[in-house]
Amino acid sequence: IKSTTKRKSQTTKLAPRQIRLQTSFILAFLVLLHCILRITSTPNHINNPTASTTSTIRDIAYKEIISIDMMQSNPQSMMESNPQNSADQVEKVCIIGSGNWGSAIATLVGRNCERLSFCEAQVNMWVYEEHIQMEDGTTQKLTDIINERHENVKYLPGVSIPHNVVAVSDLRSACEGATLLVFVLPHQFLPRLMPTIRKAVHPSCRGVSLIKGLDFDSVNNCPVLISDSIAKAMGSDFQCGVLMGANVANEVAEGQLCESTLASQFGPPADEMTRQIFHSSESFRVQHINDVAGAEVCGALKNVVALGAGFIDGLGLGGNTKAALLRVGLREMAKFCRMFFDGVKDDTFTQSCGMADLITTCYGGRNRRCAEEFVKYASADPTDDVIALDQKTCQDRWEKIEKDLLNGQKLQGTLTAMEVYTVLESRGELEAFPLLSKIYDIAFRGMPISTIAEGIRANGHGGRNLQHSSNL
């Protein structure tokens with residue numbers, strides 16, 4: 001009995017050392033496998049066969065081994081550096097915005113948070129308070145309607161919102177203690193909201209922007225990612241990713257199959273946890289990438305190209321013309337991304353956030369629909385093809401169309417078109433982007449809509465900006 005006890009005792013003492021040794025071998029193998037997979041899937045390695053494979057393996061392996069060493073030597077430190085790794089950190093999600101897209105994404109996030117063990121079931125949705133006239137002639141607060149009827153009768157009528165999604169009109173209360181913020185509102189409203197949000201959230205909070213637009217730095221004459229503007233407003237430790245894709249809000253809310261792209265650099269396991277909060281294997285399939293800039297700029301520029309698609313539809317032109325517009329539009333999107341942002345990847349443009357979103361928006365989005373209506377306004381005015389309209393007259397038309405067709409929602413394509421044009425003009429790059437420039441000329445300088453075909457031409461041949469063009 002004593003001998004057996006001694007052997008058990010020795011085994012117990014040796015077990016931790018053996019486990020550590022076995023773990024080290026397993027981790028080393030996984031690192032090597034991970035390096036090989038990353039190299040073989042990297043577009044730059046494929047496109048540049050002269051690149052040093054040895055150097056690539058060394059660099060990747062070094063980073064992975066350092067990460068593993070930190071986890072083995074001081075796991076608590078790794079947990080603290082990314083609070084989302086903490087076992088007792090429960091996700092508390094808050095959706096900032098309750099329009100058409102905000103309410104649609106709330107149906108997915110609400111259901112997922114209720115079933116995921118690492119999430120708090122209740123999801124707050126900040127609602128800009130409005131008074132809605134009901135069928136019986138009375139008025140009721142929109143928050144009360146959502147919380148009682150579980151339906152956003154103004155922006156997403158007929159769609160049931162999960163009971164665990166709670167509409168809150170007080171911004172600070174909605175964000176209190178949140179660990180994940182979902183931004184889904186017109187970006188021009190952000191500046192006045194950010195100070196309140198910053199004071200209310202959890203210290204480990206991160207964000208995901210569903211906003212499709214760009215900011216503009218007038219001092220340096222360059223575009224600014226809205227996700228970067230959010231992160232800057234929230235503080236140096238705040239990280240913000242984006243969710244972009246071919247996602248027409250009503251179709252998402254109805255449970256029709258679609259894909260979306262989550263672009264973030266939160267690190268493990270927060271990237272995957274965030275993806276699961278949005279993902280539905282049955283209807284909303286989310287892929288993750290690291291290219292935040294590429295995904296976000298695609299989400300903004302496709303709205304500008306969609307204005308051109310609306311012009312084509314309004315003129316009664318066919319599928320061939322629209323296909324040409326989409327091709328040139330995608331090339332200009334890629335060129336713009338590379339001209340102003342580092343690290344943009346070719347693969348991003350074949351994700352849902354790229355080509356798929358462009359196709360969907362150019363056939364069924366609000367920007368296309370409003371641009372088609374713009375053509376009807378022009379057709380009703382015989383002077384449009386004779387006298388170029390001034391920018392004020394054009395803006396007034398867009399505002400009226402927005403008011404008549406969008407039920408309180410905002411048109412993002414026109415705002416982005418102005419910002420993009422300002423950037424390109426200040427850099428002397430308008431000739432390198434004939435389509436984006438022509439869309440602006442029609443939308444805000446009153447140029448004849450029939451001239452849209454002049455912008456649909458192959459570009460980059462012999463141009464001074466050939467180095468910015470992609471492999472698309």
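**Charged residues, a lined pocket and some unusual backbone geometry**

At 16% relative accessibility, Glu151 counts as buried, because the cut-off for that class is under 20% relative accessible area. The model discussed here is a predicted one. Glu151 nevertheless has a charged partner: a salt bridge links it to Arg149, with 3.7 Å between the closest N and O atoms. Arg149 itself is partly exposed, as its relative accessible area is 39%. Between these two partners in the sequence comes His150, which merits a look for its backbone. Its phi is near 55°, a positive value in a residue other than glycine. His150 belongs to the loop between helix 6 (142-149) and strand 5 (165-168), and with a relative accessible area of 13% this histidine is buried.

A positive phi turns up at Asn221 as well, where the angle is about 55° although the residue is not a glycine. Asn221 sits in the loop that runs between strand 8 (215-217) and strand 9 (222-224). The relative accessible area of Asn221 is 27%, so the residue is classed as partly exposed.

Salt bridges deserve a paragraph of their own. In general, side chains of opposite charge can pair when their charged atoms come close. The count for this model comes to 17 salt bridges. One of them lies within helix 16 (residues 391-405), where Lys400 and Asp404 are four residues apart, about one turn of the helix. That spacing fits a general feature of helices: an α-helix has 3.6 residues a turn, so residues three or four places apart point the same way. The side chains of Lys400 and Asp404 meet at an N to O distance of 2.8 Å. Lys400 is partly exposed, with a relative accessible area of 43%, and Asp404 is also partly exposed, at 46%. Elsewhere, salt bridges with shared partners join Asp313, Lys322, Arg368 and Glu372 into one network.

What surrounds Asp313, leaving aside its neighbours within four places in sequence? This residue of helix 12 is in contact with Lys322, Cys362, Arg368 and Glu372. The salt bridge between Asp313 and Lys322 has its closest N and O atoms 2.9 Å apart. Lys322 is buried, its relative accessible area being 5%. As for Cys362, it lies 49 residues from Asp313 along the chain, yet the C-alpha atoms of the two are separated by 9.7 Å.

Glu419 offers a case of another kind. This residue of helix 17 (residues 412-427) is buried yet has no salt bridge. How far away is the nearest side chain of opposite charge? That side chain belongs to Lys302, 14 Å from Glu419, and a salt bridge requires a nitrogen within 4 Å of a carboxyl oxygen. When residues up to four places away in sequence are not counted, Glu419 touches His187 and Leu214.

Attention now turns to a pocket. The second largest pocket has a volume of about 1,200 Å³. It is lined by 43 residues, and those closest to its centre are Asn100, Trp101, Arg366, Gln409 and Lys410. Several helices give two or more residues to this lining, namely helix 5 (100-115), helix 8 (190-200), helix 10 (249-253), helix 12 (292-315), helix 14 (352-364) and helix 15 (366-380). Which element gives the most to the lining of this pocket? Helix 14 does, with four residues. By residue class, the lining of the second largest pocket divides into 16 nonpolar, 18 polar and nine charged residues.

The last region considered is the one around helix 11. A cis peptide bond joins Pro268 and Pro269, with omega at about -5°. Pro269 is placed in the loop between strand 11 (258-263) and helix 11. Helix 11 (residues 270-278) is largely enclosed by the rest of the structure, because seven of its nine residues are buried. Those buried residues are Ala270, Asp271, Met273, Thr274, Arg275, Ile277 and Phe278.

Methods. Residues are numbered from 1 along each chain as its sequence is written. This is a predicted model: local features need pLDDT of at least 70, side-chain atom pairs count only at pLDDT 80 or more; totals for chains, interfaces and linings use all residues. Side-chain values use heavy atoms; hydrogens and water are left out. Buried means under 20% relative accessible area, exposed over 50%, partly exposed in between (1.4 Å probe, protein chains only). Lys and Arg count as positive and Asp and Glu as negative; His and the chain ends are not counted. Contact means heavy atoms within 4.5 Å. On a 1 Å grid over the protein atoms alone, a cavity is a set of points where a 1.4 Å probe fits but cannot get out, and a pocket is an open set with protein on both sides within 12 Å along at least five of seven lines; lining residues have an atom within 4 Å of a point. Grid points are joined across faces, edges and corners, and a volume is the space filled by probe spheres set on the points. Ala, Val, Leu, Ile, Met, Phe, Trp, Tyr, Cys and Pro count as nonpolar, Asp, Glu, Lys and Arg as charged, and the others, Gly among them, as polar.
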